[in-house]
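Visitor: Hey, can we poke around inside this protein for a bit? I'd like to hear about any enclosed spaces.
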Amino acid sequence: MVSALTREGREPKAADGWLLRLAADWAGDIPLAERDEDWIRTVEMLLAAFVRVEHDQEFRTATEDGELPGDETRERTPRLTAAQLPTYEAAELLLALRRTAYPSSRRLEEGPAHPCLPLIQTVLAVLFQGDVQRTHPAVRHTAVFRRDLDEVALDHPEAFFGPVLARAVLDVAAADARAGVPLVERTAALVRQVGKADPQLRDRLLAAHLQQLPPDATAGSQEADTWWEKATELLPALLAHRPTPEGARLVDYLHRHCPPEAAAHLHAQLADACGPVPGPKELADYDPSSSGLPPRAWVRVWDWSPVLPAPVLTAWEPVLSLLRRAKSSGPADPRTAEPFVQIMSSLPPAVDETQAAAIAAEHGPAAAADALAAAPDAGDWRYLTVLRALIQNDPVAWTTAPAEITARLTQPRLRAFYLDVVSGQVAKRDTFPGNALAEAATVAFAVCRDTGPTANEPPATDPDDDQPSTAHLAEQAMLMLVLFALGTRTDLGDSLPAVLDHLYALTAPLTSPPASPPDDTPPGTIPADFVGTDPAARALHCLFEHAQHQHGAPGDGLPTRLLKQLTTITEATGTQPRTAAALGPYLPLLYQRARDWLVDHRSVLLHLPADGTPSAASAWLRWGLSHFPLLVELDRAELLTRLRTSTPREAAFQVALALLDDPHFLGDPTALLTELAAADGGAAAVSRLLELLAHRAARAAAALAAAVVELWRAALAADLPEGALAGAGTFALASIDDTLWLDLTLASARHTPALRDTDHIAERSTHHPDKPAAAQLTAVLVAHPSTDPWRDATVRQHARTLLAAIGQRPPDPQLAQPTQELRNALITAGDIDAHAL
């Protein structure tokens with residue numbers, strides 16, 4: 001869903017923002033220990049989409065032309081705003097990604113580096129690169145990045161998102177430094193990615209990093225020497241432009257802490273960077289009162305002069321004296337950025353966030369609701385932002401008495417705003433205490449019923465502001481609150497029959513084929529926003545939750561009324577993408593509570609089309625919870641075909657879970673893997689499956705080790721094509737006996753040298769200098785480099801460490817040949833010093 005929503009080139013819809021907020025909330029709620037590569041990629045897609053929408057092409061064109069946006073652009077502004085992830089959510093995601101680099105149970109502390117730290121570094125650098133490339137050069141340095149980066153924080157709002165991304169890159173680099181990562185290594189992604197977009201910004205970020213973490217007292221250390229070398233290399237690039245606060249602080253630090261024996265050389269470097277000093281004739285020809293602006297080179301030295309040492313300024317003193325005649329106060333301190341004044345695009349609401357928060361703090365949320373309702377512009381869209389800020393700052397207080405607050409908000413649009421925001425808090429801890437959830441669901445149902453249905457329409461908009469309508473907001477809030485209430489066995493009391501009737505009415509569009517698919521939806525695809533926002537699908541999910549949690553005992557069947565409606569839906573639109581998306585996640589419930597009915601409709605609901613056309617079974621594999629018996633009900637040939645063509649998070653994920661529970665669940669595992677690899681795409685499918693098995697085993701207890709080893713051995717015993725065992729490299733993260741792991745990984749590397757996670761394999765091998773298999777395995781990795789230079793460099797470094805550790809051990813005849821293989825591999829890879837190890 002996230003990949004479809006964030007696809008580049010897709011025209012944003014007003015309903016996208018709601019789905020993106022759900023995805024962002026999901027990502028933020030994932031425990032630190034469970035944030036894997038898939039989580040990082042999902043966060044990357046969400047943030048990349050946010051950056052693209054923020055830099056909409058029409059706005060950039062208007063800026064480049066020097067004109068204000070036209071009417072068409074202004075009309076699109078509200079829709080684009082509603083369609084994107086809110087800025088505060090994007091900042092929270094960015095903070096979560098930064099904390100994941102060095103996860104810790106305590107917010108202000110850093111733990112050990114995440115296994116995917118290089119990926120996080122690259123993702124941050126690529127996001128920042130994309131933001132920079134989309135920022136017009138005319139305003140890039142003068143407005144967007146005018147702020148002092150030391151004053152930017154991930155949890156504080158900024159006028160532009162670019163500096164926040166820069167701060168994230170710098171924060172991770174600083175954490176790398178504290179963890180002992182060498183300077184060149186921790187800045188590699190920054191230099192590589194940001195340098196492509198803007199070398200000047202790259203140099204500024206490097207200066208910021210260097211001045212933030214100057215060398216410690218061990219002045220003779222190699223890392224300190226590297227720091228001084230990189231810092232002085234920046235001088236020509238920094239002084240070629242007007243000073244930035246970060247660059248000025250770096251220059252100031254250099255000349256103040258430079259060793260006496262190196263001062264003369266530093267002064268010469270600074271003088272060369274300032275450029276040639278004007279001669280007497282140039283000075284005589286310039287008159288501040290009549291010659292206009294001074295030459296740009298003079299102004300540049302003038303701006304830098306407060307942080308330049310006196311020996312450098314001596315030659316420029318005539319120029320500086322001449323410029324002081326025009327500005328007697330002298331140049332500003334370049335180590336501090338000039339204040340940036342943000343001009344608001346519109347007037348604030350009559351009751352803004354600060355005023356409402358003060359009233360709520362003193363008199364409670366109900367009093368703040370009275371103030372908002374009494375405002376002359378109470379129906380304005382800006383109050384959604386006000387309410388969102390109030391509720392997120394104190395969600396418990398604003399969800400304790402939803403009926404009272406809704407009654408105080410007399411304006412219908414305000415009620416819809418409030419319910420829309422509180423529905424997003426329903427899954428958070430401590431919200432809706434006591435009977436508040438039932439109260440909120442009942443109130444939302446009443447507001448939705450009074451406002452009017454929108455079931456047969458896409459997300460509606462008001463013609464005057466192009467924002468989601470009051471009716472749409474109220475209905476979406478009602479469906480969310482009712483879904484959680486029914487799913488948590490919350491008693492809706494006397495309102496339940498009317499709520500159920502309303503939900504059945506909302507599912508009516510699923511009982512007849514749609515007239516035509518949406519214009520922007522390719523034939524045969526499930527609309528990415530369907531499951532999240534379509535009232536018919538969400539109403540059906542509410543009915544499923546009621547049947548599962550509030551209708552009879554777990555062994556009882558489904559309500560007759562629901563089965564009758566499902567029969568009508570399946571027969572009328574069972575092969576339609578929207579019905580497939582709606583039914584798929586609940587196939588396990590149908591298997592448990594209405595198996596005979598499900599088997600009767602197997603041809604529609606359990607079919608996996610070979611061409612990838614959506615079906616209910618496809619939707620379950622993509623979005624549903626694992627259910628092993630249901631997996632067996634699928635056609636084996638169709639399942640294997642889907643494994644060869646789907647992403648890991650679809651069929652392969654479900655199969656991996658089943659095999660970890662019982663390696664023989666789908667028959668003999670060797671035969672299964674051989675059959676899977678026998679057709680086009682089979683080798684990649686086996687590799688994906690092994691990688692998923694390894695990821696799951698890495699997060700689980702050692703109890704899964706036996707199943708993992710059995711499946712791994714089955715893969716080695718199968719007649720698989722080269723490349724099929726690439727995913728076995730990820731078993732380096734699993735809790736498997738080291739001797740057994742070395743033997744199996746060596747066998748896998750000899751079959752498929754291009755293993756995944758070669759850096760982790762090499763690192764784990766370094767701990768076993770007494771094992772011949774460790775040297776042999778590492779030699780294979782060095783001899784077969786990947787397409788990732790950084791990963792290959794890491795492998796070679798671990799190989800040197802292993803070779804040195806072997807050399808420190810007593811001579812062992814069994815290690816002689818493997819050691820020579822490893823040494824030869826390093827020398828062949830260009831590490832000629834390996835002969836001495």
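Guide: Sure, and keep in mind that this is a predicted model. Let's start with the largest cavity: 15 residues line it, and Arg21, Asp25, Asp420, Val421 and Gly424 lie nearest its centre.

Visitor: What volume does that largest cavity have?
Guide: About 190 Å³.

Visitor: And which helices supply at least two residues of its lining?
Guide: Helix H2 (16-29), helix H6 (87-101), helix H22 (382-393) and helix H25 (412-423) each do. H2 gives the largest share, with four residues.

Visitor: How do the lining residues divide into nonpolar, polar and charged?
Guide: For the largest cavity you get six charged, five nonpolar and four polar.

Visitor: OK, stepping back. How many cavities of 30 Å³ or more does the structure hold?
Guide: Three. The second largest has a volume of about 90 Å³.

Visitor: Which residues line that second largest one?
Guide: Gln121, Leu124, Ala125, Val169, Val172, Ala173, Asp176, Arg186, Thr187, Ala189 and Leu190.

Visitor: Where does the largest share of that lining come from?
Guide: From H9, which supplies four of the residues. Helix H9 spans 162-178, and helix H7 (117-134) and helix H11 (188-197) also supply at least two residues each.

Visitor: And how do the residues divide there, nonpolar, polar and charged?
Guide: In the second largest cavity the lining has seven nonpolar residues, two polar and two charged. Asp176 and Arg186 are both part of that lining, just as Arg21 and Asp25 are part of the lining of the largest cavity.

How values were computed:
Residues numbered from 1 in each chain as written. Predicted model: local features only at pLDDT ≥ 70, side-chain atom pairs only at ≥ 80, totals over all residues. Heavy atoms only, no water. 1 Å grid on protein atoms, 1.4 Å probe; cavity = no way out; pocket = protein on both sides within 12 Å on 5 of 7 lines; lining within 4 Å. Points joined across faces, edges and corners; volume = space filled by probe spheres on them. Nonpolar A, V, L, I, M, F, W, Y, C, P; charged D, E, K, R; others polar.
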